[in-house]
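Reader: I'm new to this one. Please walk me through it, starting with how the pieces are named.

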Amino acid sequence: MDNFTAVHPKLDAHGIPMIGAYPDYANPDLLDAVPLIARTVIDIGCGGGALGAAYLRRNPRARMLGVDVDVDSVAMAQTRLTEAAMCDVQTEALPFDLPDGIDCLVYGDVLEHLSDPWTVLIRHVEQLNPDGSVIVCFPNVEHWSIAYRLLKGNFDYDDAGLLDRTHLRWFTPRTMAATLERAGLSLCDVRPRPTDRTEAVKFVDAMAPALAAIGVDRADYLNRATPIQFIWRAKKQPRPRLVLAATMLPPVGGVSDVRVIEPVRALVSDASVLASLRPESEIAPVLPGVPHIAVLHRPLLLGEPGLARVRHLIERGYLVVTEFDDHPGFLEARGVSPSELLTFTAVHAVQTSTTALAAVLTEFNPEVAVFPNAVSELVAPRNFTNPDRMTLFFGALNREEDWAPYMTVLNEVLRAVGARLAVTVLHDRGFFDALDTTHKEFIPTSDYATYRDRLAGSEICFMPLAETTFNRAKSDLKFIEASASRVVSLASPTVYDASIRDGETGLLFRSPDHLRMQLLRLLAYPEAAQRLAEAARAEIGAERMLAYQLRARTDWYHALWARRDELTEALRSRVPALFV
């Protein structure tokens, strides 16, 4: 039982701790809708600050503010947010100093509780920055269960839910849209929160004759009556739209997650961006007159079949970008002739993860952008709970040449310290089998969520890299992943010497004997190890979050589109066969 549950033992029907009258819960769909580029966000009706706390783990630089009318809720929110205050927004002005204005106003199931939500919204929007957003989550009065109750002669209020007894106003997506427009906002998008359709379908099927008799389309009514809640997003001034369609290799070892899945998810937090993951065959025009960017994840483009893939996307109105985060030499090592490879030359531009890779890729295509690997969220710490036992994590693929020189020393330490050091190994069976200890656990190649979860349960992340041209082009991804989970990095200098401040944000080892010394140092002083991990986590939160590069990404895509005629001519010069 955590401290919060111990102090507030009341739980809702789903086992979520209550604070005030409501669950202490971050609505995940509302959280995903809040723009990650925001600098100042105000959560109106913040409760205990769960939503704001979750947002700050994604965008730690933000100023996250909250107001509520419940004393206990505000007291909790003050421990989680930048600032939180008691405020009745119906009668009081927002109680914050706002020299930089407001970038986002969040109303999570709030407007329906106000006697005059229209006036409150208009007053708040006046303080919104020109590029500011409003996010509204609200209960759907068109939900089938309300119609069912009315037909049964029952409109009794409940303690929570659609008929919460404190609801004063009711909205449909259409009337909420009118409310937002009345406040001077431009509508961006509306989305239903995921809902089980089973009971809705039963009700609508039963009502089908009546719906037909009054001229209501069954499918349309089902779409309106199924969602319990909707989320509207609107902006004070509309920004230019951008359509981005990304492909993805089968996820192995987290590469797809870090380079494709998480960036697309983060881009979607900007209401002006329509980003999606889809098979290449399904990429099609979406909005006329809007930039369309296709990002192909590590495509193997060879010969006429490769040209045909790119040609098809260009004919559909897309500018084509290759996403590639490995040294192209590895393709040659697998039998791909550089003279036949079109992955970098037959596209408009390339995006990658390091300046070292960019230097290599520029030889194929001058249009290369570097978007360093970054983490989407700081993981809530859950390690360093037992000073007498630590866990070393190793998770990598095809790295025997990197770890083999250190195995003898690693085993010496394992035999010497016994149960004080456990080892968790993910992916690499050879590394696991070579460990001379019974205090070890092997996890087969897993999804990225499992990888991050097992990493977060460790105290030390072992990161050996041999000094090779191939390794030097790699990124410091494992360092930022470990640091985001408050795990101390124990790494070789290749790649990591540019990121880790030795003895401040992690430890470097330059030989097997040096590894022995550094590992024993961590085991002897667990409090010092934790301080290293906390310093690294703070640094990642300040500098290496995915949120911090979203503006650069969208600006680059817009700039590419503005130059698309020039880039297409350059592409024609490089690969004339593409336009035959």
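Author: Helices here are DSSP runs of H or I with at least four residues, strands are runs of E with at least two, and both are numbered from the N terminus. The model is a predicted one.

Reader: Ok. What does Gly418 do just after helix 15?

Author: Gly418 has a positive phi of about 60°, directly following the end of helix 15.

Reader: And which residues in helix 15 are buried?

Author: Helix 15 covers residues 407-417, and its buried residues are Met407, Val409, Leu410, Asn411, Val413, Leu414 and Val417. As background, an α-helix has 3.6 residues a turn, so residues three or four places apart point the same way.

Reader: What do those buried residues pack against?

Author: Their partners are strand 16, strand 17 and strand 19, along with helix 14 (400-403), helix 16 (429-434) and helix 21 (512-524).

Reader: You mentioned helix 21. Which salt bridge does Arg516 form?

Author: Arg516 pairs with Glu412, with 2.6 Å between the closest N and O atoms. This links distant parts of the chain, since Arg516 sits in helix 21 and Glu412 in helix 15, 104 residues apart.

Reader: Is Glu412 buried or partly exposed?

Author: Glu412 is partly exposed, at a relative accessible area of 33%. Arg516 is also partly exposed, at 26%.

Reader: Back to those strands. What order do they have in the open sheet?

Author: The sheet has six strands in the order 18-17-16-19-20-21, and the pairing is parallel. Strand 18 (440-443) and strand 21 (507-508) are the edges, each pairing on one side only.

Reader: How many bridges join strand 17 to strand 18?

Author: Four bridges join them, and strand 17 spans residues 421-426. As one example, Val425 has Phe442 of strand 18 as its bridge partner.

Reader: Which strands does helix 17 lie across?

Author: Helix 17 (residues 448-456) lies across strand 16 (390-395), strand 17, strand 18 and strand 19 (460-463). Its direction is at about 150° to strand 16.

Reader: Different topic. How many salt bridges does the structure hold?

Author: There are 40. Side chains of opposite charge can pair when their charged atoms come close. Lys235 and Asp131 make one of them, with the closest N and O atoms 3.5 Å apart. Lys235 is in strand 9 (residues 229-235) and Asp131 in strand 7 (residues 128-139), so this pair ties together parts 104 residues apart in sequence.

Reader: Why does Lys235 count as buried?

Author: Because its relative accessibility is 4%, and buried means under 20%. Asp131 counts as partly exposed, at 29%.

Reader: What about Asp189, which residue does its side chain meet in a salt bridge?

Author: Arg233, at 2.8 Å from N to O. Asp189 lies in strand 8 (residues 186-192) and Arg233 in strand 9, so the pair ties together parts that are 44 residues apart in sequence. Both Asp189 and Arg233 are buried.

Reader: Now the loops. Where is Leu301 found?

Author: Leu301 is in the loop between strand 12 (292-297) and helix 11 (303-315). Leu301 counts as buried, with 0% relative accessibility. Setting aside residues up to four places away in sequence, Leu301 touches several others, including Arg309, Glu340 and Val347.

Reader: Last one. Which residues make the nonpolar surface patch?

Author: Leu150, Phe155 and Tyr157 make the patch, which is about 280 Å². Phe155 belongs to the loop between helix 6 (144-151) and helix 7 (173-182), and Phe155 is partly exposed at 35% relative accessible area.

Note on methods. Residues are numbered from 1 along each chain as its sequence is written. This is a predicted model: local features need pLDDT of at least 70, side-chain atom pairs count only at pLDDT 80 or more; totals for chains, interfaces and linings use all residues. Side-chain values use heavy atoms; hydrogens and water are left out. Two strands pair if DSSP finds at least two bridges between them. Contact means heavy atoms within 4.5 Å. Axes are lines fitted to C-alpha atoms, for helices over the stretch in contact, and angles run from 0 to 180 degrees between N-to-C directions. Patches are made of residues with over 30% relative accessible area and no salt bridge: like charges are joined within 9 Å, nonpolar side chains (Val, Leu, Ile, Met, Phe, Trp, Tyr) within 5 Å. Accessible areas come from the Shrake-Rupley method with a 1.4 Å probe; for residues, only the protein chains shown count as cover. A salt bridge is a side-chain nitrogen of Lys or Arg within 4 Å of a carboxyl oxygen of Asp or Glu. Buried means under 20% relative accessible area, exposed over 50%, partly exposed in between (1.4 Å probe, protein chains only).
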